[in-house]
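Visitor: I'm new to reading structures. Could you walk me through this one, feature by feature?

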Amino acid sequence: MNTQFDALREQAEHYEKQKKYVQALMLYKTIPDLPEYDENMKQIICDKICNIGDELLKETKGIPIKTQRVKHFWGLQRRKKFLARRSFKKAANTFKIHIPPGYKKLLKVYEKALKIDPSYPPGYKKVLKVYEEALKIDPYYSQAVYQIAYTYLHLKDYQEAARWFRDYCDVAEQSEYASALRKICDIGDIFYKQQKKITKAIRTYKKILEIVPEYEKTFSIESPIYFETPDQGIEPEYVRAFEALGTIYFDAGDYENASDIYIRYCELEQYNNEAALHRLIEICDKYYQKKEYRHSIELYERIIRSIREGRGDIHSEYYKDFLFSLANFYYESNEYDNKKAITLYLEIFKNCAEILREFEKEEICTRLENIYSEIAERAQYAKLSLLKSELVEQRAELEQARQLAYLGTMATAVAHEINQPVGIIRAATDAALLDLQDDLLQIEELGPLLRRIWKQTERLHTIIENFRKFARGDRTTREDVNLNQLVEQTASLFSEQLTHHHIALRLQLYQEPPAPLVFANRFQLEEALINVLSNARDAVEGRENAAIWLTTWCDPHKDCGFVVEDNGPGLSAEYRKHLFMPFMSTKSTEQGTGLGLYLARKIIQDFGGALCHEDRSGGGARFIVRFPIEKE
Amino acid sequence: MEHQESILIVDDEQEILNVYRYFFDKRGFHVEVAHNGREGLEKLRTRKFEVAIVDLKMPEMDGIEMIRQANTEGIDTEMIILTGHGEKDDAIAAINLGYRAVGAWFEKSGINMDELLAKVKELLEGVPIEEVRRILSVLPEDV
């Protein structure tokens, strides 16, 4: 007895006891290579291997068997079943042990019958029955599974055929397995292209996506030693299934499933399949066209995540492209996310520096700059709108101040104006009362006294009426305003006040026909005049021989207007520059709003006129208001 | 006939002059009027007035200026200032400036003629010596 054989067998049996069947099988497999190998040994090893196969098969038992068909026999725990089948097959092949031949004869009879009449369906049914019977005896009889599948194909029962081909993949040798996959794909094509049965086509192609990883898992992980390694590279039918499925979903507009398939497809080939990459980009474009920015962003995010997880190359061109597209989406889409865009653009710089082309670098730099400036602009805008609102508030406040100041000006003028008549009435009545008390009042004095009082009330009435007209005047309608009247009326309002301030007011009114008429709003024009006049008053107040001149003129062929002159100090060069700007004032804030000349000019311009300034000959300032006369 | 006290009324408003003149005239005063400071000053120079009632704001020469001039020229007429609306401060300033003989001020639009009359009479009588002593006693010595 050969010790080497015994030692191997002993060790293998030891493994067997420990239920380490793979190791046991591995040892048994080496026995035929021994020089002392003979028929006797062959029989022993064959038994042993078959035992192991049986043991492995036993482990799959206890799981419910649904039908009588072979599928249910090992559609169970695939891994173990597969191992069992393989071990058995291997043993069978190695030691030329074959399936009981009786069934083959039977089959041949039926096959002959089919050859006589290939279109005879009952014949196929009989073939199917024979194979099914054969499978009952030997579940690993792969030829039987194949024949059944093929028969269904002949019968055009594609669904059933696909199912059997799928089962065949589990029992077939590697070369046959590939052809089975091809058959399934063909069936998928028939469903899709000929029958237009999308759901069935999808279901069929999906079988491939299930089978292949399972098959490869079994080969590459579970049995690295014992079984021959599968070919490196991807099963072409697997790729075909991905392509077909992706196309179906894409054509059907089911971009969600399509992108799912294409991402898996890309991952399968480590993102080296340009067509698949292109499809993913196309899907993103579709989303973009449909304005489903969220979807395209999500898809790009998913792709990038997949690449980052190692399924693609983060130093690749396509990764950069995806990043760039996503960053652009963040940048451009409505769901504007500057922060994310910046992060991605920076990542492109960091990870893709070596593949970044010069113009892209520039482009990204521009983008980044744009984002930064946009952010800055937004901040600026926010700040600006804040400023704007502040300005509006400020303006409102100033308008209020202006109105108050204006009312103050008017009130002062009116108060001065009414002081005299009130003083007269007061003195006259008080004197009369005292006369009455002292018995000095004569009855004939009563008439002149009352007339005196009435006269003063008439004066008061006029003052009040003028003020009321002005204060509540309609400031929208326009009419022909006689500048002479305007100047006289305004001057009368101010005369008392100016006297009070020792300012002489001199009127020089143009008396020739035609009268200086301006189509404007009387009250606004009056306000403008008051503003200029107040300005002149403030300029000359407290000066020796202070005087203001108000002059009107009319040149019927050209223009008409009025001039306000004063013999004040004139304007400084600095002030002159900003004369008509709002809030420019030489006065203290209590005294003026700084809006007087600005508003006066605005009013005058609104009526088509102009307000300008020049130096008065002999010192002081001269403000000219000029309205062109429109020729009819 | 006893000595008739003379009053000068200076105001640019004719009606004021009319009312005041008539009022004092009735009460036995000799009343003259002037329409502005310059005219008033001329009248003060030409004859003796016991009291002058002077409006502050007037064209040509205002009341303050007239009083100042009269002071410098040694005219010892007692002055009563009439003010318009809001001229109270000017009157007080005039008194504080130490113009001699500014006895009082009245706001025209709120005037009480009996008070004015009483003031005129008071000024004509002169300040009682006891009052002068009392005022002097409460004043700080350095002043």
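Visitor: How many helices and strands are there in chain B?

Guide: First, the idea: helices (H or I, at least four residues) and strands (E, at least two) are DSSP runs, numbered from the N terminus. Chain B has 6 helices and 5 strands. Starting at the N terminus, they run β-α-β-α-β-α-β-α-β-α-α.

Guide: Some ground rules: this is a predicted model, where local features need pLDDT of at least 70, side-chain atom pairs count only at pLDDT 80 or more, and totals for chains, interfaces and linings use all residues. Residues are numbered from 1 along each chain as its sequence is written, chains are lettered from A and ligands numbered from 1 in the order in which they are written, and side-chain values use heavy atoms, with hydrogens and water left out.

Visitor: What span does helix α1 of chain B reach?

Guide: For any helix, the expected span is 1.5 Å times one less than its number of residues. Helix α1 of chain B (residues 14–26) has 13 residues and reaches 18 Å from its first C-alpha to its last, close to the expected 18 Å. Just after α1(B), Gly28(B) has a positive phi of about 85°.

Visitor: Which residues of α1(B) are buried?

Guide: Buried means under 20% relative accessible area, exposed means over 50%, and partly exposed is in between (1.4 Å probe, protein chains only). In α1(B), the buried ones include Glu15(B), Ile16(B) and Tyr20(B). Across chain B, 45% of the 143 residues count as buried. Over in chain A, Tyr177(A) sits in helix α10 (residues 174–194). Tyr177(A) counts as buried because its relative accessibility is 1%.

Visitor: Now the two chains together. How many residues does the contact take from each?

Guide: Contact means heavy atoms within 4.5 Å. Here the contact takes 25 residues from chain A and 28 from chain B. Buried area is the accessible area (1.4 Å probe) that two parts lose on being put together, summed over both. For chain A and chain B that's about 2200 Å², with 52% of it on carbon and sulfur atoms.

Visitor: And how many salt bridges are there between chain A and chain B?

Guide: A salt bridge is a side-chain nitrogen of Lys or Arg within 4 Å of a carboxyl oxygen of Asp or Glu. The count between the chains is 7. Arg452(A) and Glu15(B) form a salt bridge through their side chains (2.9 Å, N to O). On the side of chain A that touches chain B, the elements giving two or more residues are α18 (358–437), α19 (446–472) and α20 (483–500). The largest share, 14 residues, comes from α18(A).
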